[in-house]
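What follows is a walk through one structure, taken part by part. Keep the sequence and the 3D view side by side while reading.

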Amino acid sequence: MVQDPEGVSESAARAARDLRVLFSRLRRRIREVAGDEDLTPSQVSALTLVGKGGAATASTLASAEGVRPQSMAATLAVLERHGLIRRSPDPDDGRRQLVTLTDAGRDRVEGDREARQEWLARALQDRYTADERRTVLEALSLLERLTRP
């Protein structure tokens, strides 16, 4: 097995590259299925974050997304124009506003999640045998280690 000067084997470098490319393609495909074409990936991410975390300030969302507050403000303005979020005064600090999902935003987040889940389950059912699905599950179990600190 060949290793590069940094001590990473050729197989590890190839697996990393192939995995990154595959996840990028899968992420794009899942976005297409969810019908997110009218929103950018950062808008979808912010909408999902508000859906998961509940009411939050724009600065909290910016920090969680790793973007500048000005970028988050622009993202939230688009989501508000689409009627997916609302801003209301923070009861603890009237200078700040809390961002929450509207009913349309909640429906969008839940509908997108269901569409992605249904597409992925159907694709796994239709394109893989039971043995192949077991192999995918075993690989996912191994890949889960990458998420640990």
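**The nonpolar core and its surroundings**

The largest nonpolar core contains 16 residues, and those with the most contacts inside it are Leu-47, Leu-61, Leu-76, Leu-79 and Ile-85. Four elements each supply at least two residues of this core: α2, α3 (58-65), α4 (69-81) and β2. Of these, α2 gives the most, with four residues. As a general point, nonpolar side chains in soluble globular proteins tend to be buried together. The model described here is a predicted one.

One of the core residues with the most contacts is Leu-76. What does Leu-76 touch, once residues up to four places away in sequence are set aside? The list is Ala-58, Leu-61, Ile-85, Arg-87 and Val-99. Two of the names on that list, Leu-61 and Ile-85, are themselves among the residues with the most contacts inside the core.

The next residue to find is Ala-46, which sits in helix α2, a run covering residues 41-53. Is Ala-46 buried or exposed? Ala-46 counts as buried because its relative accessibility is 1%, and the cut-off for buried is under 20%. Apart from neighbours within four places in sequence, Ala-46 is in contact with Glu-65, Met-72, Thr-75 and Leu-79. Another residue, Thr-60, is 14 residues from Ala-46 along the chain, and the C-alpha atoms of the two are separated by 11 Å.

Two of the contacts of Ala-46 can be followed into helix α4. Met-72 is found in this helix, and Thr-75 has its place there as well. With a relative accessibility of 2%, Met-72 counts as buried. In sequence Met-72 and Ala-46 are 26 residues apart, while in space they are 8.2 Å apart, C-alpha to C-alpha. Not counting residues up to four places away in sequence, Met-72 touches Ala-46, Ala-58, Leu-61, Ala-62, Glu-65 and Val-67. Ala-58 and Leu-61 also appear among the residues touched by Leu-76.

Thr-75 has a relative accessibility of 12% and therefore counts as buried. With residues up to four places away in sequence left out, Thr-75 touches Ser-42, Gln-43 and Ala-46.

Back in helix α2, Gly-51 is another residue to look at. Gly-51 counts as partly exposed because its relative accessibility is 33%, a value that falls between the limits of 20% for buried and 50% for exposed. Along the chain, Gly-51 and Glu-110 are 59 residues apart, and their C-alpha atoms are separated by 8.7 Å.

**The two strands**

Strand β1 (residues 85-90) and strand β2 (residues 93-101) run antiparallel and are joined by six bridges. How many residues does the hairpin between β1 and β2 pass through? The hairpin joins the strands through two residues. Asp-90 stands opposite Asp-93 in β2. Elsewhere in the pairing, Arg-86 has Thr-100 of β2 as its bridge partner. Strand β2 was named above as one of the elements that each supply at least two residues of the core.

**The largest pocket**

The largest pocket has a volume of about 600 Å³. Its lining is made up of 17 residues, and those nearest the centre of the pocket are Leu-22, Leu-26, Leu-124, Tyr-128 and Val-136. Which helices each supply at least two residues of this lining? They are α1 (10-34), α5 (103-127) and α6 (130-143). Helix α1 gives the most to the lining, with six residues. By type, the lining residues divide into 13 nonpolar, four charged and no polar.

Helix α1 also holds Ile-30. Ile-30 is buried, because its relative accessible area is 18% and the limit is under 20%. Which residues does Ile-30 touch, not counting residues up to four places away in sequence? They are Arg-116, Trp-119 and Leu-120. Ile-30 and Trp-119 are 89 residues apart along the chain, with their C-alpha atoms separated by 8.0 Å.

Notes
Residues are numbered from 1 along each chain as its sequence is written. This is a predicted model: local features need pLDDT of at least 70, side-chain atom pairs count only at pLDDT 80 or more; totals for chains, interfaces and linings use all residues. Side-chain values use heavy atoms; hydrogens and water are left out. Two strands pair if DSSP finds at least two bridges between them. Buried means under 20% relative accessible area, exposed over 50%, partly exposed in between (1.4 Å probe, protein chains only). Contact means heavy atoms within 4.5 Å. On a 1 Å grid over the protein atoms alone, a cavity is a set of points where a 1.4 Å probe fits but cannot get out, and a pocket is an open set with protein on both sides within 12 Å along at least five of seven lines; lining residues have an atom within 4 Å of a point. Grid points are joined across faces, edges and corners, and a volume is the space filled by probe spheres set on the points. Ala, Val, Leu, Ile, Met, Phe, Trp, Tyr, Cys and Pro count as nonpolar, Asp, Glu, Lys and Arg as charged, and the others, Gly among them, as polar. A nonpolar core is a set of buried Ala, Val, Leu, Ile, Met, Phe, Trp, Tyr and Cys residues joined through side-chain atoms within 4.5 Å.
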